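Please look over the structure shown here. Some questions about its helix packing, cysteines and aromatic rings are worked through below it.

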Amino acid sequence: MKKLSVVAAVIIHNGKYLCALKGEHKYPYLSHKYEFPGGKIEPNETAEQALIREIHEELNLTIDVKSFLLTVEHSYPDFQIELVTYLCEATSIDELVIHEHLGIKWSHTEELEQLDWAAADLPIVQYLLNNKI
């Protein structure tokens, strides 16, 4: 089974978290699910550099990577994913443009459970609920 290693940004701004809604996906179980944005690490790139680049490409957003949060390993029916997650802060949301998602929501911690998350992102949501960052 294919294994993907990716990084994800838990982006906070004014006490709310950025939740990104995926569009249609080749695997239906990932279509129209919320996720914490991010992507793959390119050769010669650190995890933090990858996050900064990916978030800029996907959302035209500038972030500061603050700290490592957790690593999630999840097996979907068609692949496995290792999701290394960092707490990030949006430096400005004035220029935010959605390039790769259907939409975004800025949600308070207690609102996170109301969203339909991709399965690999659920442990991150639980971490945020339990740790009140």
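The questions and answers that follow concern a predicted model.

Q: Which residues of helix α2 are buried, and do they line one face of the helix or fall on opposite faces?
A: Helix α2 spans residues 122–131. Seen down the axis of α2, the buried residues fall within an arc of 135°, so they line one face of the helix. The residues on that face are Ile124, Val125, Leu128 and Leu129.

Q: What covers the buried residues of α2?
A: The buried residues to be covered are Ile124, Val125, Leu128 and Leu129. Their cover includes the strands β1 (2–13), β2 (16–21), β5 (62–75) and β6 (79–92).

Q: Which residue follows α2, and what is its phi?
A: Helix α2 ends at residue 131, and Lys132 follows it. The phi of Lys132 is positive, near 40°.

Q: How many disulfides does a search of the whole structure find?
A: A disulfide is a covalent bond between the sulfur atoms of two cysteines. For Cys19, the nearest cysteine sulfur is that of Cys88, 14 Å away, whereas the cut-off for a disulfide is within 2.5 Å. Cys88 likewise has the sulfur of Cys19 as its nearest, and is in no disulfide. Over the whole structure, the number of disulfides found is zero.

Q: Is Cys19 buried or exposed, and what is its relative accessible area?
A: Buried means under 20% relative accessible area. Cys19 meets that cut-off and is buried, its relative accessible area being 0%.

Q: How is the aromatic pair of Phe36 and Trp117 arranged, and how many residues apart in sequence are the parts that it ties together?
A: The centres of the two rings are 4.6 Å apart and the planes are at 25°, which is a stacked arrangement. Phe36 is buried at a relative accessible area of 3%, and Trp117 is buried at 5%. Phe36 lies in the loop between β3 (34–35) and β4 (38–40), and Trp117 in the loop between β7 (103–107) and α2, so the pair ties together parts whose separation in sequence is 81 residues.

Q: Why is the pair of Tyr76 and Phe79 tilted?
A: Both residues, Tyr76 and Phe79, are buried. Planes under 30 degrees apart count as stacked and over 60 as edge-to-face. The ring centres of Tyr76 and Phe79 are 5.1 Å apart and their planes are at 40°, so the pair is tilted.

Q: Which residues do ring pairs link into a cluster?
A: The structure holds seven aromatic pairs, and the pair of Tyr76 and Phe79 has its ring centres 5.1 Å apart. The cluster linked by ring pairs consists of Tyr27, Tyr29, Tyr76 and Phe79.

Methods. Residues are numbered from 1 along each chain as its sequence is written. This is a predicted model: local features need pLDDT of at least 70, side-chain atom pairs count only at pLDDT 80 or more; totals for chains, interfaces and linings use all residues. Side-chain values use heavy atoms; hydrogens and water are left out. Buried means under 20% relative accessible area, exposed over 50%, partly exposed in between (1.4 Å probe, protein chains only). Helices (H or I, at least four residues) and strands (E, at least two) are DSSP runs, numbered from the N terminus. The arc is that of the directions from the helix axis to the C-beta atoms. Contact means heavy atoms within 4.5 Å. Rings of Phe, Tyr and Trp (its six-membered ring) pair if their centres lie within 6.5 Å; planes under 30 degrees apart count as stacked, over 60 as edge-to-face and the rest as tilted.
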